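Work through the exercises below with the structure open beside you. Try each task before reading its solution.

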Amino acid sequence: MNDQCVFCKIINKQIPSNMVHEDEHVIVFADIAPQAPTHLLIVPKVHIPDLNELTEEHAFVLGHISMVAKELAARLGLAETGWRLVINCGADAGQTVFHLHVHLLGGRPLAGQMA
Ligand code: 5GP
Ligand code: ZN
């Protein structure tokens, strides 16, 4: 828990969110400014500022996030049409919230622009 962190506050239910999944390791909620018909944020409960701060002990959580993403994509009907995971790290990537999170995007064609 980081007292200044908006995602820690969402995890601790101090700030409301449109939550679609929660388990021991992650919380998933809708992005407040969606960039696609489906735009979810998959957020580990442990406060890791960004990928630069990742250590071996976090490896399980990243694998778990992939499994949660796969299950949500199937539940939301995206498995057939396709979907994308994005992790921004640092200024050039446009990271604005420094609590590691994975964007799950889908519901429209995303091809043609990776960056
Ligand atoms: P980043 O640019 O750091 O990869 O992504 C941060 C994302 O968090 C942005 O897409 C932004 O819209 C979203 N976001 C920022 N603050 C909040 C919030 O308080 N609630 C929700 N649901 N999303 C937020
Ligand atoms: Zn945090």
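Contact here means heavy atoms within 4.5 Å. The model is predicted.

**Exercise 1. Find the neighbours of His101.**
Which residues does His101 touch, not counting residues up to four places away in sequence?

Solution.
- Step 1: locate the residue. His101 sits in the loop between strand 4 (83–86) and strand 5 (102–106).
- Step 2: list the contacts. His101 touches Phe7, Leu41, Ile42, Val43, Val86 and Ile87, with residues up to four places away in sequence left out.
- Step 3: check burial. The cut-off for buried is under 20% relative accessible area. His101 has 8%, so it counts as buried.
- Step 4: look for a polar partner. A polar atom of the His101 side chain lies 2.7 Å from the backbone oxygen of His99.

**Exercise 2. Describe the setting of Asp31.**
Is Asp31 buried or exposed? Which residues is it in contact with, leaving aside neighbours within four places in sequence?

Solution.
- Step 1: place Asp31 in the loop between strand 2 (26–30) and strand 3 (38–44).
- Step 2: apply the cut-off. Asp31 has a relative accessible area of 15%, so it is buried.
- Step 3: list the contacts. Leaving aside neighbours within four places in sequence, Asp31 is in contact with His39, Leu40, Leu41 and His103.
- Step 4: take one of these contacts, Leu41. Asp31 and Leu41 are 10 residues apart along the chain, and their C-alpha atoms are separated by 6.0 Å.
- Step 5: turn to the side chain. One of its polar atoms lies 2.8 Å from the backbone nitrogen of Ala33.

**Exercise 3. Place His64.**
What does His64 touch, not counting residues up to four places away in sequence?

Solution.
- Step 1: find His64 in helix 2 (residues 59–75).
- Step 2: judge its exposure. A relative accessible area of 18% makes His64 buried.
- Step 3: read off the contacts. With residues up to four places away in sequence not counted, His64 touches Asp23, His25 and Val26.

**Exercise 4. Examine the loop after helix 1.**
Where is Asn12 found, and what is the phi of Lys13?

Solution.
- Step 1: Asn12 is found in the loop between helix 1 (6–11) and strand 1 (19–22). Lys13 is in the loop between helix 1 and strand 1.
- Step 2: Asn12 has a relative accessible area of 41%, so it is partly exposed.
- Step 3: Asn12 and Lys45 are 33 residues apart in sequence. Their C-alpha atoms are 9.2 Å apart in space.
- Step 4: Lys13 has a positive phi of about 65 degrees, although it is not a glycine.

**Exercise 5. Step back to the whole chain.**
How many helices and strands does the chain have? What radius of gyration does it have?

Solution.
- Step 1: count the elements. There are two helices and five strands. From the N terminus on, they run α-β-β-β-α-β-β.
- Step 2: test the size. A compact globule of 115 residues would have a radius of gyration near 13 Å; the chain has 14 Å, which agrees. The C-alpha trace spans about 40 × 30 × 30 Å along its principal axes.
- Step 3: assess burial. Buried residues make up 37% of the 115 residues.
- Step 4: assess the surface. The chain exposes about 6900 Å². Carbon and sulfur atoms supply 54% of that.
- Step 5: locate the charges. The chain has 7 positive and 12 negative side chains. The centres of the two sets lie 9 Å apart.

Note on methods. Residues are numbered from 1 along each chain as its sequence is written. Chains are lettered from A and ligands numbered from 1 in the order in which they are written. This is a predicted model: local features need pLDDT of at least 70, side-chain atom pairs count only at pLDDT 80 or more; totals for chains, interfaces and linings use all residues. Side-chain values use heavy atoms; hydrogens and water are left out. Helices (H or I, at least four residues) and strands (E, at least two) are DSSP runs, numbered from the N terminus. The radius of gyration is taken over C-alpha atoms; the globule rule is 2.2 Å times the number of residues to the power 0.38. Buried means under 20% relative accessible area, exposed over 50%, partly exposed in between (1.4 Å probe, protein chains only). Accessible areas come from the Shrake-Rupley method with a 1.4 Å probe; for residues, only the protein chains shown count as cover. Lys and Arg count as positive and Asp and Glu as negative; His and the chain ends are not counted. The place of a charge is taken as NZ of Lys, CZ of Arg, CG of Asp or CD of Glu. A polar contact is a pair of N or O atoms within 3.5 Å; within protein, one must be able to donate a hydrogen and the other to accept it, and residues adjacent in sequence count only if both atoms are side-chain atoms.
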